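Hello,

I am passing this structure on to you, as you are about to start working with it. Please have a look at the sequence and the model first, and then read on for my notes.

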Amino acid sequence: MSELNKAMIEQYRNSFLSEVEANVEEGEWVKMCMQCGVCSGSCPLGKHWAHPPQEIFMMIRAGKREEVLTSDSMWMCTSCYNCIVRCPRQLPITHIMHGLATYAKKLGLTPKNQPTAKFAEIFWNNMMKKGRVNELKLGLSLYFKDGFGPGIKEALRNKDLGMKMMKAKRMAAGEFFGGHGVKDVSGLQKMIKKAQELEDARMKKFDEPEASQDG
Amino acid sequence: MTEVVATNQTILVVGGGISGMTAALEAAETGAQVVLVEKRPYLGGRVSQLYKYFPKLCHPTCGLEINQRRAKMNPNLTIVTGAEVSKLEGEAGNYTATVKLSPTYVNDNCTACGECAKAVEAEFDDEYNYGLSKRKGAYLPHVMAHPMKYVLDPAIIGTDDAQKAKDACKYDAIDLDDKEKEIQFPVGAVVWATGWKPYDAAKIQPYGYDRFANVVTNVEFERMADPKGPTGGKILRPSDGKEAKNVAFIQCAGSRDRNHLYHCSRICCMASLKQTHYVVDAYGDDAQVSIYYIDIRAIDRFEDFYAEVRAMDNVKFIKSKVASITRGENDNPCLNGVDTEGYHRYATEHDLVVLATGMEPSVSVDSFPVDVEINREGFIEPAEKNGGVFAAGCASDALDVNRAVQSATGAALKAIQVVNRVARAEG
C-alpha cells in the first residue's frame, strides 16, 4: 500500500465522499446524482463495466473506497459524452470518471495490466518527449506493451491499417528518428515539471500527520 | 359578443380552463362584475380533454357541466371566446385591457344542428384529440362545448367549403365577412389563468416520439381511453391498430431534467397510475403494464391509490429512467436502460409506450402582455410588482385539477379585494 494511500485513508476515515469531493476532478458533483440510471443505460460500453457510473456514485456515497478505487470501471470510459448529454442533472460524468482514474493512479491502486491505464501512460510519455504525439512510436509502443512476441503479432495484424495511414500521411516512417515537436520543447517540459512540483507539494501535506489533522 | 360593459371595478379573467372558470364563477357569485376571456372557441380547457380524474376515477364532464350551468345562470359574468389579451396597461384598480377578437364567422343564431359540417368537405387534424383524428372545416369542438356553437376553421374561409357551409345554414348563423377586431375596456384586477401545455415530446431525442408510431404521450393516451375519442375508447397501437395489451409508461419524460423542464410536473405520476387502470380495465388479466420511474410522487391521500396499483399482479414498477427507445420487432418500441435496484441491464419490448410528458406554461416568458414576475420554470411568482394581476392554476405552478381550483379560488379572492378597495374609494 502506498504511503499516500495510507495517509488518505487516515485523513478521510469515514467519508469517502468527502475524499472524492476534495481530491477528484469534478468530484463535488457526485452528491448531485439522483440515481435515475440514464448514464448507465446510455453508455455504449456499459455492459463491459463492472460498475456503471450510477453504481459508482452510489458506492462512493456508501463509502466503498477500496471497491471503487481498485475497480477498472472508470478506465472503461471512452469519452463519448452520451451520459453527460442525457444526465438530467447535468453531471460531468465523463470528467468524473477520468478524475477517479487519475486519483486511483496517484494512490497506486490502478488494476494491474489495465490496458487503458497502460495506454494513457504510454501516450503521456510519448507526448512529453516532443510536445506532440508521435503516432508511429505510439502505435509501436502500444503493440509491444506486452512483450516482443505479441508485439510482432499485433503489428502484423494491423499492417494494412498502418499502410493506409502512411498513404494518407497520418503516419510517417521518418517519425521513427526523432519526429516532429513543438517549438520550445524544454519550455514545455519545464512548465509541466513545475505543475508536477505544485501537485506533489499539495499531496505531500497528507504524508505529514500534523498537517493532515487540521486539513 | 363584442360589447363588453366594464368599469375599473370589473375583474378580468384570462383563460377559460378549469382555473379561469372557477375564478370567474367564484368572483361573479360574490356579486363582482367579471369578464372571462378565452383563446379557444369553447370553455373547459385541457380538463375537457380528460377522460377520468384521479384519484376517484370519476368523469371531468360532471364538474364541467356544473360549472357551465353556473356560468349560464350568472348575469355578472361575460364570456368572450376566440379572444386574447394583447395589452394590459395601468395599475391595480385602474387597468385598460386590449383584447384581440378572432373572427368567429358563426353568430349566436347557431343551434348546433350540424348541417354546415355535413356540407363541407375539407378535413383537418382535430386538436381536441391532439391530432389523433380528423375533423371537418366546420365542426363542433366537442360534444359538451360551451358556448354550444359550431366553429368554422379559418383555413376554409375563401374556399368553396365556406360558401357551402353558409348555404347549408338554415338559421343565418354564418357570417363569412367577420373580421378580426380589437376592443379596449377598463378593469380593476386581473386573474391570469392561461394554464399549461404538454411538453413537446419530440425534443426528448432518445425516446424517438417523432420516429416511432407506437410511442405516444400521456395526453394522447387519455384521448384513446375516452369512448368519445379517436379510437372509440379502445387502446390500440397507432402503427397497426392492434390491441395494445403490453403497455409501458416512462415517467419524468421531460420533467425534472435540466435539459428540458427544471420542475417536477406533479401530475404525471398520478396520471400514469390512473392510465394503468385504463389498460387493466380494458384487457383484464391479459393486460401487462410496466412503469419506469425515478421515484413515484403520489403524496397525501394519493398514496392509497399508488398502493392499490402497486398491488396489482400485472403491473410492474421498474426503478430506472429509460436511456433510449429503439425499434424492436413488429414496430414494438424497445426500452433500453439499467435499473437502480440491482443495476440490471434491460432491453424490453412493449406493444405501446406512453411518455408521461410534463407540463409547461402555455404562455412563453417573453410574450406576457404585462410585466409580471416569472420564475426560471416560466410560471408566475406572487410579487409586489405584479400589482393587481394574480396568477391562478397552472399559470402559477404545475398543479393537478384539485390544487388548480384551490389556487383559482385564492386568486379570485385577491382580485375581489382589489376591486372592493376601488369601490370603497369611489364611494
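A good place to begin is a sheet in chain B: 5 strands form an open sheet in the order E13-E20-E14-E15-E16, and the pairing is parallel. At the edges are strand E13 (215-217) and strand E16 (315-319) of chain B, each of which pairs on one side only. From one strand to the next, the twist averages 25 degrees. Please keep in mind that this is a predicted model.

Within that sheet, strand E14 (residues 246-253) of chain B and strand E20 (residues 352-357) of chain B run parallel and are joined by 5 bridges. If you would like one pair to look at, Val247(B) has Leu352(B) in E20(B) as its bridge partner. As general background, strands of a sheet pair through backbone hydrogen bonds, either parallel or antiparallel.

For an antiparallel case, turn to strand E17 (residues 324-327) of chain B and strand E18 (residues 333-338) of chain B, which pair over 4 bridges. Here Thr326(B) stands opposite Cys334(B) in E18(B). The hairpin of E17(B) and E18(B) has 5 residues between the strands, and in it Asn330(B) takes a positive phi near 50 degrees.

Next, the domains of chain B. The assignment gives domain 1 (10-102 + 180-195 + 362-426), domain 2 (115-156) and domain 3 (199-358). The centres of domain 1 of chain B and domain 2 of chain B, taken over C-alpha atoms, are separated by 26 Å. Their contact takes 11 residues from domain 1 of chain B and 8 residues from domain 2 of chain B. On the domain 1 side, the largest share, 4 residues, comes from helix H2 (residues 60-73) of chain B. That side of domain 1 of chain B divides into 4 nonpolar, 6 polar and 1 charged residues.

What about the interior? The largest nonpolar core has 165 residues, and those that touch the most other members are Ile11(B), Val13(B), Val191(B), Trp192(B) and Ala415(B). Helix H8 (residues 401-426) of chain B gives this core its largest share, 10 residues. In soluble globular proteins, nonpolar side chains tend to be buried together. To see the surroundings of one core member, leave aside the neighbours of Ile11(B) within four places in sequence: Ile11(B) is then in contact with Ala27(B), Ala32(B), Val34(B), Val187(B), Gly188(B), Ala189(B), Val191(B), Ala415(B) and Val419(B).

Two single residues of chain B are also worth a visit. Tyr95(B) has its place in strand E5 (residues 94-101) of chain B. Tyr95(B) counts as buried because 24 other C-beta atoms lie within 10 Å, and the cut-off for that is 20 or more. Not counting residues up to four places away in sequence, Tyr95(B) touches Leu88(B), Glu89(B), Gly90(B), Pro186(B), Val187(B), Gly188(B), Val190(B) and Gly388(B). With Gly388(B), the two are 293 residues apart along the chain, yet the C-alpha atoms of Tyr95(B) and Gly388(B) are separated by 8.7 Å.

The other is Ala225(B), which lies in helix H5 (residues 218-225) of chain B. With 21 other C-beta atoms within 10 Å, Ala225(B) is buried. Beyond the neighbours within four places in sequence, Ala225(B) is in contact with Tyr51(B), Gly233(B), Ile235(B), Gln275(B) and Tyr278(B). Ala225(B) and Ile204(B) are 21 residues apart along the chain, and 24 Å separates their C-alpha atoms.

Now for chain A, which has 13 helices and 0 strands. The C-alpha atoms of chain A fill a box of roughly 55 × 40 × 35 Å, taken along the principal axes. Of the 215 residues in chain A, buried residues make up 28%. Among contacts in chain A with a separation of 6 or more, 61% are between residues 24 or more positions apart. Chain A is divided into domain 1 (3-111) and domain 2 (115-191), and the C-alpha centres of these two domains of chain A lie 29 Å apart.

How many residues bring the two chains into contact? On one side there are 17 residues of chain A, in contact with 18 residues of chain B. The elements that give two or more residues to the chain A side are helix H3 (38-42) and helix H4 (53-61) of chain A, and the largest share, 4 residues, comes from H3(A). By class, the chain A side has 5 nonpolar, 8 polar and 4 charged residues.

Enjoy exploring it!

Best wishes

Definitions and conventions
Residues are numbered from 1 along each chain as its sequence is written. Chains are lettered from A and ligands numbered from 1 in the order in which they are written. This is a predicted model: local features need pLDDT of at least 70, side-chain atom pairs count only at pLDDT 80 or more; totals for chains, interfaces and linings use all residues. Two residues are in contact if their C-beta atoms, placed from the backbone, lie within 7 Å. Ala, Val, Leu, Ile, Met, Phe, Trp, Tyr, Cys and Pro count as nonpolar, Asp, Glu, Lys and Arg as charged, and the others, Gly among them, as polar. Domain bounds come from an automatic or database domain assignment. A nonpolar core is a set of buried Ala, Val, Leu, Ile, Met, Phe, Trp, Tyr and Cys residues joined through C-beta atoms within 7 Å. A residue is buried if 20 or more other C-beta atoms lie within 10 Å of its own, exposed if 12 or fewer, and partly exposed in between; C-beta atoms are placed from the backbone. Two strands pair if DSSP finds at least two bridges between them. Axes are lines fitted to C-alpha atoms, for helices over the stretch in contact, and angles run from 0 to 180 degrees between N-to-C directions.
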